[in-house]
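Q: I should like a close look at one part of this model, followed by a connected account of its surroundings.

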Amino acid sequence: MVTRLPDAAWLNRSDLAVLIAALGAKNTRYVGGAVRDTLLGIPVKDVDIATPLDPHEVMRRLRAHAIQVVPTGIDHGTVTAVLAQGPVEITTLRHDVSTDGRRATVAFASDWQDDAARRDFTINALYADPATREVFDYFGGLDDLAAHTVRFIGDARQRIREDHLRILRYFRFQARFGSQPVDPQSENACAELAAMLKGLSRERVGMEMMNLLGLSDPAPTVARMAELGVLAVVLPEADVAALTALVAEEARQGMAADPLRRIAALIPADVPLAEAVASRFRLSGAQKKRLALAAGRDQQTAPLAARALAYRLGREAALDRLLLTGASTAPLDGWEIPVFPLKGGQIVARGVKAGPEVARILQAVEVRWVAGGFPDAGRVAALLDAEIEGLQP
């Protein structure tokens with residue numbers, strides 16, 4: 001029985017129609033996530049096209065039709081068409097010549113099934129004709145999609161040896177599309193070859209973990225990774241129970257999933273450790289700082305009110321601490337962090353000599369202002385009066 005893509009908004013893009021016309025419908029097929037997600041009724045974010053045309057020929061044809069094109073990965077057959085409604089990656093059909101688990105040497109191919117055979121999972125190796133919308137399935141991806149089964153194409157161990165990152169990708173796709181029971185061959189291969197993850201760049205591992213943790217509820221999958229010994233390879237400090245609790249708290253308070261906050265939940269509340277994990281995953285400086293602030297949640301001598309916490313740490317860090325400790329974020333809804341309405345010059349104008357005493361008064365008034373719930377400038381003036389009067393002999 002022939003399966004065709006159902007109607008979807010992206011299939012009606014006028015700029016995509018121009019692109020297909022430039023390459024020729026017989027030379028193009030939609031592939032991967034756009035096909036998979038359309039069949040599942042999920043909104044499509046990225047559109048990828050496969051073609052038997054050489055990448056240089058692809059570029060020549062697009063430029064002939066005044067379509068901007070960028071050679072983003074031309075050595076591996078990929079160029080990107082810059083279209084009005086979003087970029088589209090176009091990749092020449094390929095087959096692997098050699099792989100080392102981190103990168104592959106490829107040769108261009110002319111057979112669609114050869115290209116499908118080098119992909120990771122059956123549900124990602126679905127192609128669709130842009131003219132007829134007929135779906136081409138070479139490895140049982142349609143059945144796996146219907147059964148919510150994530151399964152490697154062919155020999156799972158071989159697919160992992162070709163690209164070690166596929167272990168983490170397997171669990172990410174399992175968390176997003178899979179159900180029980182899982183494919184035992186795929187899961188056993190991931191467990192057996194988990195040590196291969198050590199050979200990958202930390203940045204790739206960190207990015208894949210962030211992608212996994214950004215899903216709606218990754219906790220059951222992360223727990224399974226721990227059971228299989230996979231999680232211990234990339235994050236041996238992980239506490240899955242804390243992640244489960246955070247996901248539940250986010251859902252209870254209607255907060256969006258946040259992968260960085262979830263990393264904070266997985267690791268103990270230890271600032272040096274948080275900074276080490278951030279370095280291990282090659283996170284940005286801002287991300288490292290945020291992770292360290294979240295890790296400081298157990299160092300408070302007394303719990304701070306939500307707004308006081310936001311004033312001291314910033315809204316994002318405050319939300320992290322509140323959710324990680326099970327506290328309500330409601331006081332921050334629609335609340336803008338105020339600016340302290342007092343400057344050192346105002347204190348000097350009151351006759352206090354510039355220097356350390358001005359700084360001390362400024363800090364003392366600010367502490368009382370925060371404790372008082374951020375009152376208006378009139379109340380700040382009264383607080384300043386009281387502090388200055390306290391200086392009088």
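Is E57 buried, partly exposed or exposed, and what is its relative accessibility?

A: The model is a predicted one. In it, E57 has a relative accessibility of 22% and therefore counts as partly exposed, the buried class being reserved for values under 20%. The side chain of E57 meets that of R60 in a salt bridge, with 2.8 Å from N to O. Both residues belong to helix 3 (residues 55-64), where a spacing of 3 residues separates them by about one helical turn. An α-helix has 3.6 residues a turn, so residues three or four places apart point the same way.

This pair can be set beside other salt bridges in the model, of which a search of the whole structure finds 28. R36 and D37 form one of them, and their closest N and O atoms are 2.8 Å apart. R36 is buried at 5% relative accessibility, and D37 is likewise buried, with a relative accessible area of 6%.

Another salt bridge links the side chains of R151 and D144, again with an N to O distance of 2.8 Å. Here R151 is partly exposed, at a relative accessible area of 24%, whereas D144 is buried at 9%. D144 is also touched by T149, whose contacts beyond four places in sequence are I123, D144 and D183. T149 lies in the loop between helix 5 (141-147) and helix 6 (156-162). With a relative accessible area of 17%, T149 is buried.

Salt bridges also join into a network, which links E250, D258, R261, R262, R290, E316 and D320. One member of that network, E250, is among the buried residues of helix 12, together with V240, L243, L246, V247 and E249. The buried residues of this helix pack against helix 9 (202-213), helix 10 (219-228), helix 11 (231-234), helix 13 (259-266) and helix 17 (315-324). Helix 12 comprises 13 residues (residues 240-252), which at 1.5 Å a residue should span 18 Å; the end C-alpha atoms are 18 Å apart, in agreement with that value. At the start of helix 12, a side-chain oxygen of D239 comes to within 3.2 Å of the backbone nitrogen of A241. After the helix comes G254, with a positive phi near 70°.

The strands complete the picture. An open sheet of 7 strands has the order 3-4-5-2-1-8-9, with mixed pairing. Its edges are strand 3 and strand 9 (135-137), each of which pairs on one side only. From one strand to the next, the twist averages 30°.

At one edge of this sheet, strand 3 (residues 68-73) runs antiparallel to strand 4 (residues 78-82), and 4 bridges join the two. Within this pairing, G73 stands opposite T78 of strand 4. The two strands form a hairpin with 4 residues between them, and G77 in the turn has a positive phi of about 90°. Elsewhere in the sheet, strand 1 (residues 29-31) and strand 2 (residues 47-51) are also antiparallel, joined by 2 bridges. In that pair, R29 is placed opposite A50 of strand 2.

To return to the residue first asked about, E57 is partly exposed at 22% relative accessibility, and its salt-bridge partner is R60.

Technical notes: Residues are numbered from 1 along each chain as its sequence is written. This is a predicted model: local features need pLDDT of at least 70, side-chain atom pairs count only at pLDDT 80 or more; totals for chains, interfaces and linings use all residues. Side-chain values use heavy atoms; hydrogens and water are left out. The expected span of a helix is 1.5 Å times one less than its number of residues. Buried means under 20% relative accessible area, exposed over 50%, partly exposed in between (1.4 Å probe, protein chains only). Contact means heavy atoms within 4.5 Å. A polar contact is a pair of N or O atoms within 3.5 Å; within protein, one must be able to donate a hydrogen and the other to accept it, and residues adjacent in sequence count only if both atoms are side-chain atoms. Two strands pair if DSSP finds at least two bridges between them. A salt bridge is a side-chain nitrogen of Lys or Arg within 4 Å of a carboxyl oxygen of Asp or Glu. Axes are lines fitted to C-alpha atoms, for helices over the stretch in contact, and angles run from 0 to 180 degrees between N-to-C directions.
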